[in-house]
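Hi,

Here's the structure I promised to hand over. Have a look at it first, then read on for what turned up.

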There are 2 protein chains.
Amino acid sequence: MRVTHQKVMIYKSLLGSQDHPSPEQIYEKLKNAVHGLSLDTVYRTLSAFQKIGLIDLVEGYGTARRFDPMLKKHHHFRCRKCGTIIDFTSEYYDKIAVPKDIARNCENIKLQVKIEGLCKKCLNKKITTKKHIKNN
Amino acid sequence: MRVTHQKVMIYKSLLGSQDHPSPEQIYEKLKNAVHGLSLDTVYRTLSAFQKIGLIDLVEGYGTARRFDPMLKKHHHFRCRKCGTIIDFTSEYYDKIAVPKDIARNCENIKLQVKIEGLCKKCLNKKITTKKHIKNN
DNA sequence: ATAAGTGCAAAACATTTGCAATATA
DNA sequence: TATATTGCAAATGTTTTGCACTTAT
């Protein structure tokens with residue numbers, strides 16, 4: 001990956017912000033400082049940073065919203081590759097306490113554990129691919 | 001809230017699905033069964049269901065994606081009202097184990113605790129509003 | 001020099017809104 | 001009957017893409 005002026009500025013802006021900015025917010029912050037910066041460069045750069053693990057995507061993994069009719073306390077496993085979200089229950093996780101300083105300020109608090117990794121399917125696909133490469 | 005044919009069908013569709021569907025997916029599943037159903041009704045209905053707590057929004061809380069430059073293990077508090085996401089660290093949370101049956105199938109697993117509630121600001125606003133109503 | 005990266009403009013996709021018609025309570 | 005809800009169409013917002021140009025390596 002080449003080190004361009006745009007990439008440096010975008011990364012610096014990210015490091016200096018505590019608010020988990022959106023592409024648009026980063027663009028607005030930088031457009032005066034980086035002459036001729038375009039919004040799609042911000043998109044492409046963030047996407048590239050995420051791919052190499054320099055930043056994390058926090059919200060809106062896919063393009064669309066997704067809904068869950070399961071109201072019982074439960075937790076989520078999310079596949080990093082295919083995006084599948086699997087509900088699971090866990091008595092152990094249900095007992096995890098909310099930190100006092102957060103609980104003090106809030107009402108109607110919900111705590112959920114989110115695990116991210118590769119699901120069985122995608123893991124198998126990956127292994128298959130490796131084998132395939134070996135055989136060539 | 002009135003019980004309409006569309007709402008009943010959308011709710012049934014949600015209950016019958018394990019895949020945390022998007023508005024579009026629900027619309028595609030139902031459009032043949034529910035004559036003349038429109039996508040914006042699905043949007044409005046899901047939004048209404050969420051407002052009364054009948055379903056949960058799992059992904060894409062805001063409209064845009066949001067990124068996090070913090071790569072150290074940390075956890076998230078998210079305000080249900082203003083959408084602010086606050087990072088926090090916790091040695092206690094960092095020790096939470098991944099269930100064996102999930103760990104067995106996956107590599108490069110990440111576990112994060114997500115707490116949802118009202119932040120200080122929004123909680124104060126809420127109290128102010130109540131006072132205001134009282135005074136009228 | 002050669003590709004990767006950029007800016008622009010347009011396309012594609014996701015979500016919201018105004019309004020007249022419809023159906024629930 | 002009164003009004004919340006709907007369908008339609010148009011507006012708004014978000015993300016992706018093709019292409020010619022630029023720039024880091």
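The contact between the two protein chains takes 63 residues from chain B and 63 residues from chain A, where contact means heavy atoms within 4.5 Å. Before you go further: this is a predicted model, so local features need pLDDT of at least 70 and side-chain atom pairs count only at pLDDT 80 or more, while totals for chains, interfaces and linings use all residues. As for bookkeeping, residues are numbered from 1 along each chain as its sequence is written, chains are lettered from A and ligands numbered from 1 in the order in which they are written, and side-chain values use heavy atoms, with hydrogens and water left out.

**Chain B against chain A**

The size of an interface is often given as the accessible area lost when the parts come together. Here chain B and chain A bury about 5800 Å² between them, with 56% of that from carbon and sulfur atoms (buried area is the accessible area, with a 1.4 Å probe, that two parts lose on being put together, summed over both). On chain B's side, His20(B), Glu59(B) and Phe67(B) supply 15% of the buried area, more than any other three residues.

The rule also finds 4 salt bridges across this interface, a salt bridge being a side-chain nitrogen of Lys or Arg within 4 Å of a carboxyl oxygen of Asp or Glu. One to look up is Lys110(B) with Asp56(A), whose closest N and O atoms are 3.2 Å apart. Strand β5 (residues 110-117) of chain B gives the largest share of the side that touches chain A, 8 residues. (Helices, H or I with at least four residues, and strands, E with at least two, are DSSP runs numbered from the N terminus.) By class, that side of chain B has 33 nonpolar, 14 polar and 16 charged residues. Ala, Val, Leu, Ile, Met, Phe, Trp, Tyr, Cys and Pro count as nonpolar, Asp, Glu, Lys and Arg as charged, and the others, Gly among them, as polar.

**DNA strand C**

Which residues are closest to DNA strand C? They are Thr4(A), Thr41(A), Arg2(B), Val3(B) and Tyr43(B), out of 21 that surround the strand (near means that a heavy atom of the residue lies within 4 Å). Of the strand's atoms within 4 Å of the protein, 69% belong to sugar or phosphate and the rest to bases.

Zoom in on Thr4(A): an N or O atom in its side chain is 2.8 Å from a phosphate oxygen of the strand. Two arginines point to bases instead: a polar side-chain atom of Arg44(A) lies 3.0 Å from a base oxygen, and one of Arg2(B) lies 2.6 Å from a base oxygen. The elements giving two or more residues to this surface are α1 (5-15) and α3 (39-51) of chain A, plus α3 (39-51) of chain B. The largest share, 4 residues, comes from α3(A). Sorted by class, the surface has 6 nonpolar, 7 polar and 8 charged residues.

**Inside chain A**

Chain A is divided into domain 1 (1-71) and domain 2 (72-136), with bounds from an automatic or database domain assignment. Their C-alpha centres lie 23 Å apart. The two domains of chain A bury about 690 Å² between them, 47% of it on carbon and sulfur atoms. Tyr61(A), Arg66(A) and Met70(A) supply 73% of the area that domain 1 buries against domain 2, more than any other three residues. How many salt bridges link these domains? The count is 0.

Cheers

Notes:
A polar contact is a pair of N or O atoms within 3.5 Å; within protein, one must be able to donate a hydrogen and the other to accept it, and residues adjacent in sequence count only if both atoms are side-chain atoms.
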